Each structure stands twice: as C-alpha cells, then as structure tokens.
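User: Please take a close look at a single helix of this model and set out in full how it is placed in its chain. I should also welcome a word on the backbone elsewhere and on how the chains are related.

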Protein chains: 4
Amino acid sequence: MTDIKAALRSQRIETPSWAYGNSGTRFKVFAQQGVPRDPYEKLADAAQVHAYTGIAPTVALHIPWDKVDDYADLARHAGELGVRIGAINSNVFQDDDYKLGSVTHPDARVRRKATDHLLECVDIMDATGSDTLKLWFSDGINYPGQDDIRSRQDRLADSLAEVYDRLGEGQRFLLEYKLFEPAFYATDVPDWGTAYAHCVRLGPKAQVVVDTGHHAPGTNIEFIVAFLLRDGKLGGFDFNSRFYADDDLMVGAADPFQLFRIMYEVIRGGGFTDEVAFMLDQCHNIEPKIPGQIRSVMNVQEATAKALLVDRDALSAAQNEGDVLGANAVLMDAYNTDVRPLLAELREEQGLAPDPMAAYAKSGYFEKIAAERVGGRQAGWGA
Amino acid sequence: MTDIKAALRSQRIETPSWAYGNSGTRFKVFAQQGVPRDPYEKLADAAQVHAYTGIAPTVALHIPWDKVDDYADLARHAGELGVRIGAINSNVFQDDDYKLGSVTHPDARVRRKATDHLLECVDIMDATGSDTLKLWFSDGINYPGQDDIRSRQDRLADSLAEVYDRLGEGQRFLLEYKLFEPAFYATDVPDWGTAYAHCVRLGPKAQVVVDTGHHAPGTNIEFIVAFLLRDGKLGGFDFNSRFYADDDLMVGAADPFQLFRIMYEVIRGGGFTDEVAFMLDQCHNIEPKIPGQIRSVMNVQEATAKALLVDRDALSAAQNEGDVLGANAVLMDAYNTDVRPLLAELREEQGLAPDPMAAYAKSGYFEKIAAERVGGRQAGWGA
Amino acid sequence: MTDIKAALRSQRIETPSWAYGNSGTRFKVFAQQGVPRDPYEKLADAAQVHAYTGIAPTVALHIPWDKVDDYADLARHAGELGVRIGAINSNVFQDDDYKLGSVTHPDARVRRKATDHLLECVDIMDATGSDTLKLWFSDGINYPGQDDIRSRQDRLADSLAEVYDRLGEGQRFLLEYKLFEPAFYATDVPDWGTAYAHCVRLGPKAQVVVDTGHHAPGTNIEFIVAFLLRDGKLGGFDFNSRFYADDDLMVGAADPFQLFRIMYEVIRGGGFTDEVAFMLDQCHNIEPKIPGQIRSVMNVQEATAKALLVDRDALSAAQNEGDVLGANAVLMDAYNTDVRPLLAELREEQGLAPDPMAAYAKSGYFEKIAAERVGGRQAGWGA
Amino acid sequence: MTDIKAALRSQRIETPSWAYGNSGTRFKVFAQQGVPRDPYEKLADAAQVHAYTGIAPTVALHIPWDKVDDYADLARHAGELGVRIGAINSNVFQDDDYKLGSVTHPDARVRRKATDHLLECVDIMDATGSDTLKLWFSDGINYPGQDDIRSRQDRLADSLAEVYDRLGEGQRFLLEYKLFEPAFYATDVPDWGTAYAHCVRLGPKAQVVVDTGHHAPGTNIEFIVAFLLRDGKLGGFDFNSRFYADDDLMVGAADPFQLFRIMYEVIRGGGFTDEVAFMLDQCHNIEPKIPGQIRSVMNVQEATAKALLVDRDALSAAQNEGDVLGANAVLMDAYNTDVRPLLAELREEQGLAPDPMAAYAKSGYFEKIAAERVGGRQAGWGA
C-alpha cells in the first residue's frame, strides 16, 4: 500500500485550457456563467483544479486560441498560480484557407501556411518552456474522389518532417489520430497505425497520442496502449469518454472498466512515468467546467489506484496456468475494490480536502467568477 | 419502360431551406459566397433546383430560422418562383432554455415553452398550407443518472399528445428518431421502435420519418422501411448519406447500393406515393449548396429508376424457388444498369436539359448571387 | 440495508441447460472434461450453481436438445436436485429444412413444420409446468433480393398468431430479437421495435426478451429496458456480455457498468419481480462451465446490489434541479461501492458459503464428473 | 479501351480450396450436394471457375485440411486441370492444444507445435512451388486479464521471426489481421497497424494481407490499401463482403461501391500487378459453391473494369482545383457505367462464353458431381 500511495502521489494529469471555455455541438453552444475571457483567466481556473486534486499541475495551451503577446509573462502568471504550461496544441482547422485541408491541402500555399503555424508553435514551446507539441489534423475528405488519398499522405509526411527537424533538444511532438469528424469519408490520420508509421519513420522525437474517444466501435484501446508502449511509441493520452463517436464526455463516465484496463496496461507496460503525458481533452457542454475537470481528474486517479492494486504475481501465475476464470478474477478483484477511502486518506496526508468536489463547491470560487467575469468575450472554440 | 417513365415523372423530392444556408461542424463553419440572407432568397435557390431537375417542387421550412412576418406572402413568393412550401420543421434545440431538453426537460416551464413552439408551427402550417409537421427532438442526456429516462418518455408522450390534438384536417406530424448527437448518452427518441410506439398510440396522423443517417452501425434501413410501410406508419424520409455517424453527406454518395435497396422497398411496399414524403436533409459543408442539392436529387432519381427496373416477377419466382443466387442476380441486374441515358431522355421529353449539373453551371446563377448577395447576414444554423 | 437484503434474497436467476454442454465458434468447439451427456446431467450441474449461489433455482430447457421421453420424470428429477424447469426454448434453426428460414421460409411446408415444433414446445410447457416459451428465430437472408422482406413479416405474424392462440392460462411467450447471425443481410426479428410491434398486436401473453448481446454497436440497452417496462412489454432478459457482436461472454465481464445501469432501470421501472425473467444465455467456450455460470450469477447479483444502493431520493432531487454532475454522482456513488462484503454476509445469513467460487472449487464436484462422465456423447450445440 | 481490356486480360484472382467444401455458422453447417471429399475434387471444382471466367488460374490450399501424401502429385493434378497451386494457408486454430492460443499461447510447448506447423507449411510451399504463405492467427483472449497482452506480442514476434528466417528465395508470407472472432476480447493481430509493425520489423518478405471483412465498423479500407501500397507492404487481399462482422459473403454483394473504391486505390497505387495477390476468402453457407465463386470473380472483375475506366487526368485536375463535386463526379461516372457489355465482349474475344453463370449452369457439371460424389466424407471446416 505504501508503494501504491507513492505511485499515486507521483501522478500528473494535464488539463487543457479550452476545457474552461464554452464548447458545444454543431447544433448549439450553450454559454455558461463565469467562463474565462482570456488565457490568463483559463489558467486561473486550471489552477483551481490543481488546488483541489493536487495532481493537475500543468495546463495545455491551444494556438491560436491562447495566443498572447508575451508568452514568458503567461508562463510567469501560471507559476504564480501554482501551475505550469504543458503541451502546445496547434490549430490548423479554423482558418478559411483550411476548408479542404491544412498540411495535406492540394494547394502548396495553404500547406506552407499550415506548416508555418506548426513551426510557430515550436517557437511558443521555446518561449514557454513546453517540451511537447501536440498535432491533431482535421484534414481529410468528405467524398470519394474529392482528393487523392495517397498524395495527401505524401504531403503529410513532408510537413511532419519539416516540423520534426525544427524540434529542439528535449522537445518532441505527439501525433494524434482520429477515425472521423470533421472529415466524413477519409481522414488523413484515421488510426494508430497511420500515426505510428509516420512516427517510426521520423524518429524518437515523434510519438503517438491516444485520444480515447477517437476509435471505431469495438476497438480495444488497451491493446493499442500495450502495443505502443512495447515499441516505445506511446507519447501520451487525450482522455475523455464516449458512448458513440467523439462525444468528449468526462473520462470514466461512459466505461470506467475500460479506463481501468487502459491504466493497467500503462502500468504493466512501464508507461506510468513522465515519458507518457496524461492529458484531459473533453467538452463540458452542459455541466460546469471546473467541477467537470475535477471529476475527470478524480476518475483517472481512481482508475489508476485500482490498476495499481492488481496483484500482478497472482495474475501472472493464473495466466501462465491457463486459468481463464482465475486470471480474470484477479483483475476484477482490483477493479471491484472501492478505492475512494484510500484516495481520501492520501489527499489528507497531502494537506488536501478529502473530497475535492465538495471542497471546490464550498470555496465560493464559482460565485466569484460568475460575478466578476461579466462583459468581454467568453472563450470558446469559435467555430 | 413507359410505366417506368411515368413513375419517374410523378416523383417529388423536397429540398430543405436550410441546405442553402451555411453549415458545418462543431470545429468550423466555412462560409460560402452567395449564400441566402433570408427565407425569400432560400426559396429562390430552391427554385433553381426544381428548374433543372423538374422533380423538386416543394421546400421545407425550419422555424424559427425561417420566421417571417407574413407567411402568406412567403407562400405567394414561392408560387411565383414555381415552388411550394413543404413540411414545417420545428426547432426546439437552440434556445438557451433547452440546454437540458425541450419537451422532456425536467422543468415544466421549459416543456410548456417547447410545446408552445410546436403548436406555433401548426399555426404556420395553417398559414402556409403545409400539411406536414416534422418533429425532431435533440432531447436526451449526456451522463448516466443525469435525468430519469422513463420520466422523460412520460413528458414526451404528453407533449406529442397535445400537438397531435391540435392537428387539423389533412394535417399530420412525422416523428424523427436519431441514435445520438447532440445527446451523447441517452437520446429520448433514439430509434424507429420508440418513434413507432408513440405514433401507434397517438393514431393515424402520427407517422415515423426515417433519416437515413440516424442509425447505429450495421442497421438495415430498408428493413425498417419495409416494416413501417407494412404497418402504414412510414411518413417520409430525410435523405442524406453517411460513412460514420450523422455525417449529412449528399444522399447516395456513401452507399448508392443501399439507397437503391431502400427505394426498392419503397416501391415494393406501395410507398411510392404522395403519402410518403421524400425529403433531403443534408449539409453541404464544403461543396456548393445548389449543385449539392441538384446532385442529391439526381442520386435519388437514379436509385429510383434502378429500383423501378427490377423485374419483380422474375424476382418473386426465384425467391419462391429458394434460388439464392438467382434472386440476388435479378436485383443486381437492375442495380448494375446505367440509367443515366434513360433519365437524360426523360428530361428532354419534359423540356429540361439532359444534364442538370452542367445546365445549372452554365446558367450564371451562381455568379449572379455571389455578386448580388453582399452584406447582410448569411443564413446558417446559428449554433 | 434491510430492504436491500430482502430484495436480494428474492432475486431469481435462471441458468440454461445448454450452458453446461460444449459450445464454441464456427472455427472450433473445444470439448471439456465432465460435460453432461443428457438433460438429467445438465440439471445436476445446474443444481450445483443453485447450491452455491442460492438464487438460481430454475433451469431453461432447449428443444430438441433436451428432448426426453418423459418430461414429468425430468421435472421430478429437477425437483429432487432442488431446482425446477424454467423457460422452454424452441430450436427451429438446425434442421436441414431450415436452411432458408423456419416460420418465414418461402415454402409453406417448412413453415408448417416449424410452427408445429413451436406448438410441441407448448405441449412440453404443459408437461413440465413451465409458464414461459422463449422464441428465437435465426430466420433471415444473406443477400439482397434473396427473399421478400415484407412477405417474411407476414409469415412470421401468421406463425406467431397460431402459437399465441395455443398458449394456456398463465402461459406466455417471449419474443427475442437479434441484429444478425446467422443471417447476414436481413434478420426477420432484428431489433426490439420489430419484436415489440408483433407483441403489441398479439396481446398481453406476448412480451419481448432482451438479450444483452444482440444489439448494434452503441445501442443504449437500458433505454430499451426502461421503455419496455413503461409499456408492460418487458418479459425477460437473456444475460451475457460482448465486446463486439453476439460474443456470449459471461454477463458483466465486458461492461459491468452497463449491467449496473440495466439493473437500475429494472428496479426503477418496477421490473424486479417474477414478471420479468432473468436468464443467462452465454457460451463458456474456453472456461469451465459450472464456475462460469456461478461467476455470471454473482455478477448479476453484484450489479443488482449496487443498483439497489442508489439513493433514489437524492437522485430525483438532483435530476429535478438540473444538476448534471450531482445526479451523475449519486448514481456513481452506488456503482463505486464494493458490495462483495454485503453479499458475503447475505450468503452466510442464508447458510451459504460466503465465496461461491471457492466453495464450489473445494467441493470436488468437478473431479467427480470428470471421472464419471466418460463415454457417451457430450451435449453440445450439435451444429 | 484497348489498355483497359489488356489490363483486364492480365487480371488474376485466386480461389480457395475451402470455398468448395461445406461451411456454416456456429448454429449450423448445412451440407450441400456434390461437395468435394478431398483436395483433388476441390481442385476440379476450382478449375471450373477458371474455365468459365478465364481469370482464376490458381487455388489456395489450407493445411491441414488439404494435407496429402504427395504434393507434387497434387500440383501435377492441378496442372492437368488447367490450374496451379496458389498460397498455402496455415491452420493453427483447430487442434485441441490451441484452445488458449497457438504461437502466442502461454505454454512454450504449444507455441513450438504451432510454429512447427508453420514451418511445415513452408515445406509444402517448396513441394508445390507456392511462393506465398498466408498466416492468420485466431489467437487472442476472451476475458480481460486472461493472459498478458504484451507478452503475447513478444511470443508472436518470436514465432514470426523464425518463420521469416525459414523462407526461401522468392518466398514471402502475408500476415492477416482481424478485429475479432473467435477471440472476443483481445485479438493478437487485430488491425492493420499491428500486422504492419511486425512486417516492417521483419523485412521485405513479410507483407500485410487485407481481408475486406476483418475491420471495425466504419473503417475506410481503401485508405489502408493506399497506405500499405505507398509503403510497399500490401501483399494481397482476402476478398469477401459483410454487412455486420466477418460475414464472409460474396465479395461485392454488400457494398459494390466500396469494392470499386478499393480497386481504384489498387490501380492508382500501382498494386495491379503480380506483387499483390487477389484472393477470395468467403463462405457459401446457403448458396451453391461453384456458382458462388464464379459470381464473386465476376464481381471483382466488374469493379476492376469500372476502376480502370476512371478518367485519372480529369480526376487529378478537379482534385487540384479543389472542385469537390467535380472530382467526385469523375469517380462516380466510372462507377455508374455498366461494364457488363465490355466484359462479355472481352470474354468472347478470349473464346469464353459471355455469361459465365449461365454457361456453367448449362454445363451439367453440378448434376454430374451431385450424382458421382456420393459416400465418403464431405470436405468442410471440421470445427
């Protein structure tokens, strides 16, 4: 149990700046009270999540949504709030030029513009001290024949190579894949195999990031985690959960057993280290943002605690004997354990409130931002 | 062949006013040139689709997007353009009050407001002469426990009953179902069974509308069509196509064979009449709107022509003999026929250009609206 | 807690005779040691499951697999073992005549034969005292055009009506639906809507049975449960679990949270009574049969206990306030509770061993049947 | 058109020996008349398919189903029938030892046995002159925790390396992936990424084979084809079609447009050569075997003809201009063309009957084998 607590104390989960702004579906974005108007306010909200959970010390930025004049100042602001800048996420899907693609666009001018944006994101990494660039491309086509699938791979490879070469010492990029949306026929990086193949070709600074909501129905995500870890190519996670498509619900809300299995493979595969980034990437369309993030962090933490509880010796023994039910039972025994008392205890040992949700609710922070953040333009996806 | 041509001449496909406005995904709406600024301009664009295809004489309205002060004037305007007002579509998903539902919302005040909107849509039917109300509810919940699934059915039933009672002579409503989006855990009308059960309870003026993009993966849509027709409960279609979820691509673009099978069941089941409404419901996110609608109308027409070509006597004979390959071959023979020459001939017989896409492109209409429609606010989903 | 224990003591889960025989996939059936050679031995194994769990007192039969000369004798044998005969399951999918269907076959002779088999199953209900007939039809077609979808519905309706009329006082049938397999294009009862529509037409003795593995990906099963209960049409469950298709794994093994949500809707909808049959229907292809059944019964029991723990007053309050996270938290609080100590206590209060799996393993029963059941022909699906 | 005909004349599609034997589902295998009793009779049937289509000159064997004492004699027999031995398929899923896996089994003894079988298949390649070994592993687990996902990858890698090293000059193996079945939780080679990664590590003699029925719902197969061809790692196809899972229906029966898109990417990617093996792999559960294969070969041929008809210059021009509808229209124009007259003409130029299905039906071959092949044991999967 001491080891488990030590492991849990070392856990780090990154929250994304955009989670604190408004989000929604193509049908409607419902605005919420107290939503941040700028990156500084987003960091303040993220700091709340860290203050109550103790394991969310970094915040991912999204460029251009989080563009500021002085990134050093933004980083200093974060430090004053008790958090740090995490991954830099590039956005090459909202400029009018990107209607038919960014780095895979048929027009070389648009590709140049998109790649320049990625290079600018590395500049921001330099300025903020971030070591991770996260690349998600919405690129793809809606209709068969619309563009040439293979040529788009060539263009993708060219752009990735240029960005890869720009990476400095201690910097890396994570390539994200997604089955579909917003492209509805063929997406240029649709699955882990595609991301993996590009990263293998490029070298050790290119790794795959697994967004748990980006798979076809039935995909075994923990298999992918195990495979990528075996190959040294798992760079991190974008956590969220889904019942259908890329629903971006709170991680652990749809299938907590899956989350547990994923965390088990992370631990078993040696991925429970700083080498693998554990990030949230979800939309709180109808629930309040900060509590949504706190709950999500707690869900990951609970799944991790359960995964750490697995009796791996007993599991190996049953597996090697071909004891199907016995091996399954060892895993389920950990999953069925209620780890909330353990985590409450852990928090109290660290000087935190045992129940982060209740503590935040009582803090008055929401009432404060709801009152203060009036006027201005609320942050959001700006779609 | 004479019969087939006669059948094809009688075909009517309705286009939706919103197809002519801007649309997109939650990531970005890409504006297009020449997009209408009001319902009058939408009708003008829809009239183009009818002018070149000859089979799209009605236009669905969407309330409140198409709210005007004088519906009689709008209907007159349509008539001058050579088209008519078709179904009235209600929108109870974009008001801030509807964040947690409309007619199934836990708060009675919101339910009242939503039902009142539906009743207002019947008023608009009266004013425009429309005989069809199309009801789609985005209502649902994102998280297990968020609301009570069964109570929401009770509330839905209450609202539907009130609207049903308001329907006048010769009026009906069509209840639409959808697996998910924007609700991501439980949608209140998720499948045809739910829509059917409510409609059966209400009576003959309530029927089910099949949106071809609203099903779980693997669902056999033509089975549903056959079943609903057998029961007198198929009210119409919202046509579009999809590879993944509710992608809203042009009908026939993703799986033309499926569209053919659907049209075959329509014809076999006696549904190729005015009793069943054939409507388009799709988003031209990246392709131009008017040509997108023309192409879609043509795709439905081609599938219909192929379905009419099926040698039903030969098919029945093979089916009754248990000749698996023979029966399949009869169906495929029709599908594999190139019906484009037949349709070109049919158009010329009706005084239309044989190639609607080319004729529209040459007409200069797009250049005209692109030049004229400058300023103002382009129509769109307004999400 | 007293109420919860009382509820748990009243729970009844039926195991199926075929679960004790060999099963497998189209690729291979792996035989196991000690497998029963006849219905009498199957009942003996089923009695073990009841002996250790205390809540599995009935056993479903499958005709013709379980055909015997003297059903009264079989029922008496069951009684001596401490169990009873449960539902009678009809098999109209393994005779050579059924290659293209049974009750929906194009040939009237085959339909007559199939319906006669169903009527014979009612005779067996009379002879055994069973009150439930479970109807699953593998009927469907593999290729578009192979047979007429609508005519098959007509034939199905005719056969069901005949069987319905034959049901005696206190007897009912449950109609099962399944998306696909063994039919691979169109299944004649593919979804709950189809089963429901037929049952509604027939009357109160016809109800729908939900097999948890028979849905399209993404289907919300608890919604169906809630809907059918609201309508008085939920007759029972065939429990199993799946990651992909109709995998027939142990219930609760793939998604225990889903099982909990289902049981919650059962309880909330008033379905936790003898009116709803809770049956297992799964294949132990690689794990030992009796322990597989014990584990499955325990999984349902654990999910039930958690569902009973939900604080329904707190839940309703949060739901009615529109408190998304609060309502979800009430549900999750119950789910996250470790109910195993409670169930161990309950068992001990009833004179059972606290750990059924361990108690069975220590009993020596498996060693006994493995030694005794040598020679003869092991029971299996006989495909 | 001359080029297109030349290309079509060069096409080669391989049929599998097992397609001529009985097959079915786990529920029932329906035996058919005239089914072969041994590999010699299977080859005779395969020769019929070639005789009527002119493009099916090779036959895949399956070991141990097609084990014979004298492979040279079998190859000579094939030659006399006008066909040749194609790929050798290994079967490591039907021995009782393989219940928990073959090359990934936890027990080293079973792994040794399985790998030895693979090596024996290479011996048979030497004896028959086959240059291709096709590896499909049913290996996987049914329950979380049952075995260690990562260790199984280690064992798989070891076995593949040993087989790779054994390959002679001009020999290669194709590694097949499959999402699920018969393993229902985690399959050891579940997707193209896994197969690809192993093949890349091993070298040029290891390539990926795409079975068109082995993907998760929504997977874009032509994307995978394009990607693998770009990387030189597409070794071949197992063609079949599906509406749901691995339904193994006749290729082109479920989604002929998808088959066309696949063939288009093959041609565009330079894969229409002898380097890529085009094989059928399907089950004729209810339709007659030989006509089922003839129809399937014709379906691939028709899709190929349409793909060859694509005006690639016009397509590229539209793609490069970003003309979404125009580019799509170029592709659809080819797809919508009825190529059956062209293929009939091509057959007649080659001295074949224009309609292979009709010609085979008239030949009396089926009546002959139905009469002659009485007694003995019909070939089948033997599950």
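Analyst: The account below begins with helix H4 of chain B and then turns to the backbone and the chain copies.

The model is predicted, so local features are given only at pLDDT of at least 70 and side-chain atom pairs only at pLDDT 80 or more, while totals for chains, interfaces and linings use all residues. Residues are numbered from 1 along each chain as its sequence is written, chains are lettered from A and ligands numbered from 1 in the order in which they are written, and side-chain values use heavy atoms, without hydrogens and water.

Helix H4 of chain B covers residues 108-128. Helices (H or I, at least four residues) and strands (E, at least two) are DSSP runs, numbered from the N terminus. The expected span is 1.5 Å times one less than the number of residues; for the 21 residues of H4(B) this gives 30 Å, which agrees with the 30 Å between the end C-alpha atoms.

At the start of H4(B), a side-chain oxygen of Asp107(B) comes to within 2.8 Å of the backbone nitrogen of Arg109(B). This is a polar contact (a pair of N or O atoms within 3.5 Å; within protein, one must be able to donate a hydrogen and the other to accept it, and residues adjacent in sequence count only if both atoms are side-chain atoms). After the helix comes Gly129(B), with a positive phi near 85°.

Buried means under 20% relative accessible area, exposed over 50% and partly exposed in between, with a 1.4 Å probe and protein chains only. Among the buried residues of H4(B) are Val110(B), Ala114(B), His117(B), Leu118(B), Cys121(B), Val122(B) and Met125(B). An α-helix has 3.6 residues a turn, so residues three or four places apart point the same way. The cover over the buried residues of H4(B) includes strands S4 (58-63), S5 (84-90) and S6 (132-135) and helices H3 (71-81) and H5 (149-166) of chain B.

Elsewhere in chain B, Asp248(B) has a positive phi of about 60° although it is not a glycine. Asp248(B) sits in the loop between strand S11 (234-239) and helix H8 (256-268), and is buried at 5% relative accessible area. The peptide bond from Glu181(B) to Pro182(B) is cis, with omega near 10°.

Finally, chain B superposes on chain A by a rotation of 180° with 0.0 Å of shift along its axis (RMSD 0.0 Å), the superposition being by least squares on the C-alpha atoms of residues with pLDDT of at least 70 in both. The two copies are thus related as by a two-fold rotation axis.

Note on methods
Contact means heavy atoms within 4.5 Å.
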